[in-house]
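Thank you for making time this morning. I would like to walk you through one model, starting with a single residue and then widening the view to the helices around it.

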Amino acid sequence: MMLFKSNGDDQKEAAKGELIRQLRQLEGALGDKNFFSGNEFGFLDIVVIPLSSMFRAYEQQGKFDLEVECPKLMRWEKRCKERESVKSTLPDEEEVYRMHKKWYGIE
């Protein structure tokens, strides 16, 4: 949330850098597996996939591309969202971004 709460370019860049660092760490835990537990969608995927609802908001707010920064994590997200159980339960990403902009008084 620091990306949304930061003031000024220096704070925003620092928050963006920290967020990308954390997402890369998550990507490192995923490694080359299809899902966090291997080839099967499992508990950790269920726990982490709701965080992806913020990915587009992070990109828009921080002006970066997660496909470039964390390509394995984005492929994982796509695989998860191909599952009906995931697709039917995640909130709309644009609505999540609009809600956060309102909460943090952005724009």
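Leaving aside its neighbours within four places in sequence, W76 is in contact (heavy atoms within 4.5 Å) with L30, N34, F35, F36, D45, V48 and I49. Before going further, I should say that this is a predicted model, in which local features need pLDDT of at least 70 and side-chain atom pairs count only at pLDDT 80 or more, while totals for chains, interfaces and linings use all residues. Residues are numbered from 1 along each chain as its sequence is written, and side-chain values use heavy atoms, with hydrogens and water left out.

W76 also appears where helix α2 (residues 8–30) meets helix α6 (residues 71–81), whose axes come within 8 Å and cross at roughly 70°; helices here are DSSP runs (H or I, at least four residues), numbered from the N terminus, and axes are lines fitted to C-alpha atoms over the stretch in contact, with angles from 0 to 180 degrees between N-to-C directions. The two helices are therefore roughly perpendicular to each other, a label that covers 65 to 115 degrees. On the α2 side the contact is made by L23, L26, E27 and L30, and on the α6 side by P71, K72, L73 and W76.

Turning to α4 (55–62), we find this helix mostly covered, with 7 of its 8 residues buried, where buried means under 20% relative accessible area with a 1.4 Å probe, protein chains only. Those buried residues, among them F55 and Y58, pack against α1, α2, α5 (66–69), α6 and α8.

Technical notes: Parallel < 35°, antiparallel > 145°, perpendicular 65-115°, else oblique. Buried < 20%, exposed > 50% of the residue type's maximum accessible area, 1.4 Å probe, protein only.
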